[in-house]
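Hello,

As promised, I am handing over the structure we talked about. Please have a look at it first; my notes follow below.

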Amino acid sequence: MKFSSSRRWCQGLSALLMAAAANAQAADPAARTAAEARPVLLELFTSQGCSSCPPADAVLRDLSGRSDVLALGFHVDYWDYLGWVDPFASPVFTARQQAYARQRGFQIYTPQLVIDGQSAMVGSRRGQ
């Protein structure tokens with residue numbers, strides 16, 4: 001029961017974020033100034049089963065303190081096959097990452113940081 005309500009919440013959040021991104025991309029030139037002033041959306045696809053993810057989680061945590069950044073972490077479930085299940089993982093988050101891969105031609109990996117839905121990089125590369 002608890003997982004079911006968490007899953008619905010995650011699906012709702014995912015739908016809301018996708019709608020907000022679509023609205024931002026459809027903004028007319030007159031609204032472009034307001035769009036430029038909005039925070040940069042950072043989405044980290046991560047997992048507790050991924051040994052390379054803790055440094056990326058730390059980078060996202062540090063960036064989340066900035067007023068010009070909206071930082072979100074999405075735990076994917078494709079590492080769960082190893083036998084230890086990430087309690088924060090959701091197939092909805094995995095589907096979100098897969099949608100970026102289809103739309104933008106991104107490779108799927110963790111930790112993957114998607115920036116404003118437009119570009120992706122290894123999430124632990126603080127300097128980039």
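Here is something to look for as you start: which residues of helix 4 are buried? Please keep in mind that this is a predicted model. The buried ones are V92, F93, T94, R96, Q97, A99, Y100 and A101.

Helix 4 is a good place to begin. It is made of 14 residues and spans 20 Å between its first and last C-alpha, close to the 20 Å expected at 1.5 Å a residue. At its N-terminal end, S90 acts as a cap, with a side-chain oxygen 3.1 Å from the backbone nitrogen of V92. Just past the other end of helix 4 comes G105, whose phi is positive, at about 75 degrees.

Now for the whole protein. There are 4 helices and 4 strands, and along the sequence they follow the pattern α-α-β-α-β-α-β-β. Of the 128 residues, 33% are buried. Among contacts with a separation of 6 or more, 60% join residues that are 24 or more positions apart.

The strands form an open sheet of 4 with the order 2-1-3-4 and mixed pairing. Strand 2 (69-75) and strand 4 (119-122) are at the edges with a single partner strand each, so each has one side without a neighbour in the sheet. From one strand to the next, the twist averages 20 degrees.

Within the sheet, strand 1 (residues 40-46) pairs with strand 2 in the parallel sense, over 7 bridges. If you want to find this pairing on screen, look for L41, whose bridge partner in strand 2 is L70.

Two helices meet the sheet. Helix 3 (residues 53-63) lies across strand 1, strand 2 and strand 3 (112-115), and runs at about 160 degrees to strand 1. Helix 4 (residues 91-104) packs on the sheet too, where it touches strand 1, strand 2 and strand 3, and its direction makes about 115 degrees with that of strand 1.

Finally, the nonpolar cores. The largest one has 9 residues, namely L41, F45, L72, F74, V76, F93, Y100, F106 and V114. Strand 1, strand 2 and helix 4 each contribute at least two residues to this core. There is also a second, separate core of 7 residues, which includes A56, L60, V69 and M121.

To tie this back to the opening question, F93 and Y100 are among the buried residues of helix 4, and both also belong to the largest nonpolar core.

Best wishes

Technical notes: Residues numbered from 1 in each chain as written. Predicted model: local features only at pLDDT ≥ 70, side-chain atom pairs only at ≥ 80, totals over all residues. Heavy atoms only, no water. Pairing = 2+ DSSP bridges. Axes fitted to C-alpha atoms, helices over the stretch in contact; angles between N-to-C directions. Contact = heavy atoms within 4.5 Å. Expected span 1.5 Å × (residues − 1). Buried < 20%, exposed > 50% of the residue type's maximum accessible area, 1.4 Å probe, protein only. Polar contact = N/O pair within 3.5 Å; in protein donor to acceptor, adjacent residues only side chain to side chain. Core = buried A, V, L, I, M, F, W, Y, C linked by side-chain atoms within 4.5 Å.
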